[in-house]
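Q: Hi! I've got this one open and would love a quick tour, if you have a minute.
A: Happy to help, so ask away.

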Amino acid sequence: MDNFTFYTPTRYIFGRGAEDKAGTLSAELLGRKVMIVIGGGSVVRSGLLGRVEESLKGAGVEYVILKGVQPNPTDDLVYVGIEEARRESVSGILAVGGGSVIDTAKAIALGAIYDGDFWDFYSGAAVPQKALPVGVVLTIPAAGSEGSGNSVITRRDGMLKLGTRTDSVLRPKFALMNPELTFTLPPEQTAAGIADMMAHIFERYMSPTRDVQLTDRLSEGLLKAIIEEAPKVMANPTDYQARANIMWAGTLAHNGVCGTGRVEDWTSHAMEHELSALYNVTHGAGLAVIIPAWVTYMADVAPEKPAELARNVFNVNIPDDRAAALACAAALCEFFASIGLPTTMRELGINNPDVPLLVERLHAVKGHQFGGYRLLDPAATTAIYTLAL
């Protein structure tokens, strides 16, 4: 196990009615004037936004609203939000939504008090040192952004989808998590969220670091719980206990606990980012395609860790590592398909993907070789994209 620092300052309020605490927690942790960031009309139609507004008013917190965040959030709305945050002199940002909304709120929180272009933090030209405080009312369990210091934004110029990662600066001050707010999610959105949270565990589990048995068992337990609960929420969207387990799993998948003491991988996420940037596919659905292809490739390159996942999560009883790794890829495909997710690019609706362009864009950002579990060069990523066809 490697040395590590694990810092999770987010205050989680979990359960029915959690959103009613938005006012008191905002007054305590975000200040007296906040910018509410939302997506489309679902939080308005459901009445959630109204309840949050009443809570803020009751606590004496002023607010302005920025709406219009889309899936795979882009920089144009971030710039609008930064301008308004400065003009209104807001003291904090309150995200009401899922990962795209939270990531946008974090980008605004960085840019509002930065003299340069907020994109500097995503391109690697600058390292985040400070930001406005961010709070979250979570409506979609998936990205885990309510408990992480990460944010991913797409720049429209060139359609570059890049992230910034921090240990502490961007971690939300609080996250209000009511599983009832997820009851009305469309099935495809629920399924994509499940794939996303599983991928966050997977990227940490696929590590070259040895002697991390505790972290491995935590990761495996989370994956097994998600696999057990997923069919329940797909069959009965209003199953509170199943929704609660899925919601909390999404947070634990990405708050860093599954990565403690080891090198992480993140090659599958990087490959999917190019896919969703070019073809505007849902992130979780894209991951359901890329991850089994990555595992299939690794069966011939470095099968040890995928084989371990197969045996400890999918109960594969095969002694040969390569065969077990291939069984892991098959089990992943079977599970993803069982909850309605695609497992090939064609099923994603991409019949003729430009693999050379995907590879070119990927390595332009990541360099000639990148990865934690095993280094991937253009030949390797070409093979994985091809396996995903």
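Q: Which strands does helix α9 lie across?
A: This is a predicted model, and in it α9, residues 240-254, lies across β1, β5 (134-138) and β8.

Q: And at what angle does α9 run to β1?
A: At about 170 degrees.

Q: Nice. What is the strand order in the open sheet?
A: The order is β1-β8-β5-β4-β2-β3, 6 strands with parallel pairing.

Q: Which strands stand at the edges?
A: β1 (11-14) and β3 (62-66) do. Each has a single partner strand, so one side of each is left without a neighbour in the sheet.

Q: How much are neighbouring strands turned against each other?
A: By 20 degrees on average, direction ignored.

Q: Back to β1 for a second: over how many bridges does it pair with β8?
A: Over 4 bridges, in the parallel sense, with β8 covering residues 174-177. One of the partners in β8 is Met177, which bridges to Phe14.

Q: Changing topic, how many disulfides does a search of the whole structure find?
A: It finds 0. Take Cys258: the nearest cysteine sulfur belongs to Cys328, and that is 16 Å away.

Q: What about Cys328, why no bond there?
A: Because its closest cysteine sulfur, in Cys333, is 9.7 Å away, which is too far for a bond; the cut-off for a disulfide is 2.5 Å.

Q: Are those two cysteines, Cys258 and Cys328, buried or exposed?
A: Cys258 counts as buried because its relative accessibility is 0%. Cys328 counts as buried too, with 0% relative accessibility.

Notes
Residues numbered from 1 in each chain as written. Predicted model: local features only at pLDDT ≥ 70, side-chain atom pairs only at ≥ 80, totals over all residues. Heavy atoms only, no water. Buried < 20%, exposed > 50% of the residue type's maximum accessible area, 1.4 Å probe, protein only. Pairing = 2+ DSSP bridges. Helix = DSSP H or I, 4+ residues; strand = E, 2+ residues; numbered from the N terminus. Axes fitted to C-alpha atoms, helices over the stretch in contact; angles between N-to-C directions. Contact = heavy atoms within 4.5 Å.
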